Amino acid sequence: ETPRGTSAMYSYEDCKATADWLLAQTSVRPVVGIVCGSGMGGLADMLKDQVAFNYKDIPNFPQSTVHGHAGRLVFGTLKGRPCVCMQGRFHLYEGYAIQKITLPMRIFSLLGVETVILTNAAGGLNQDFKVGDIMIMKDHINMPGFAGNNPLAGANDDRFGVRFPCMSDAYDRELQQLAVDVGQELGYGDFLREGVYCVLGGPSFETIAECRMLHKLGADAVGMSTAHEVIAARHCGMRVFALSLITNKAVMDYDSEEKANHEEVLETGQHRAIQLEKLVSTMVTRMEYNNTNA
Ligand SMILES: O=P(O)(O)O[C@@H]1C[C@H](O)[C@@H](CO)O1
Ligand SMILES: Nc1nc2[nH]cnc2c(=O)[nH]1
């Protein structure tokens, strides 16, 4: 039991058992872990020589309950680099404890993953952003964390990481620069942005007053995921790159007729699928790795 009275905090041994179970079923030794945002599951289809597992068959793994999140863990290679890809992630609004949502990051780390690439669908708060823009995340605002809902709350196991991890360097600057360079080369300059992502619990989308407030606080995009995963991934020492696909404009004006909806979110994912895949796959081939498998 954790101090909050939940037994949702998986132990190091539980995470290791899951990682070992996976490693026994595949010869792929991933150095890169990818998480697909809503409607971006096609990123997993880039992997060659796939070995895929349904979440329901993986010991200790939660289940995906959201449309647009298939619920498969896919191992394979991307231009020769061994990778693992979550085709479907977990969110607070699904009712999962935050430690359960971020469990896959600890399993990634125990699989040998060095770099995590996280993607998400988000509403654009920055008035210069357009639907279909890709925002390189340079930072986050973890709203649930302000109320104590942090994935690292509870007893700390030093085998994962330190009690008080630094977050001012959470988003790897070299990887952000690599994304800018690759984006320019691919001709994506018109729709490649950078900014701050704010996570809320969801599932309701934001009110107009909430959007105005978040914008004033310095957020460029708002979503319901990713920041928790970033915290867990950094805690166990993985390098992080994250991007938001701006799937809708946050409604900031009482005269606006726009209404946020999940269907639009998924549709925008489809429209940008090819460019997202090209950006991510080119970045993976250009990254530097320590692991000799890569
Ligand atoms: O998994 P992500 O963060 O991409 O999903 C976003 C947030 C909600 O789950 C959903 C809303 O349409 O998209
Ligand atoms: N919270 C939130 N999540 C999103 N995911 C995609 N669009 C949005 C949005 O407008 N708000």
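What percentage of the 294 residues in the protein is made up of buried residues? In this predicted model, buried residues account for 56% of the 294. Buried here refers to a relative accessible area under 20%.

The secondary structure of the protein consists of nine helices and nine strands. Its radius of gyration is 18 Å, close to the 19 Å given by the globule rule for 294 residues, so the protein is as compact as a globular protein of that length. The C-alpha trace spans about 55 × 45 × 35 Å along its principal axes. Among contacts with a separation of 6 or more, 83% join residues that lie 24 or more positions apart.

The interior can be described through its nonpolar cores. The largest nonpolar core has 48 residues, and the members that touch the most others in it are Leu73, Met105, Phe108 and Leu111. Leaving aside residues up to four places away in sequence, Met105 touches Val35, Met86, Val116 and Leu118, and also Glu229, Ala232, Ala233, Cys236 and Met238. Another core, of 35 residues, lies apart from the largest one; Ala121, Leu192, Val265 and Tyr289 are among its members.

Turning to the surface, the protein exposes about 12,500 Å², of which carbon and sulfur atoms supply 48%. The protein carries 26 positive and 34 negative charges, and the mean positions of these two sets are 3 Å apart.

Notes. Residues numbered from 1 in each chain as written. Chains lettered and ligands numbered in written order. Predicted model: local features only at pLDDT ≥ 70, side-chain atom pairs only at ≥ 80, totals over all residues. Heavy atoms only, no water. Helix = DSSP H or I, 4+ residues; strand = E, 2+ residues; numbered from the N terminus. Rg over C-alpha atoms; globule rule 2.2 N^0.38 Å. Buried < 20%, exposed > 50% of the residue type's maximum accessible area, 1.4 Å probe, protein only. Contact = heavy atoms within 4.5 Å. Areas by Shrake-Rupley, 256 points an atom, 1.4 Å probe, with all protein chains shown as cover. Lys, Arg positive; Asp, Glu negative; His and termini not counted. Charge placed at Lys NZ, Arg CZ, Asp CG, Glu CD. Core = buried A, V, L, I, M, F, W, Y, C linked by side-chain atoms within 4.5 Å.
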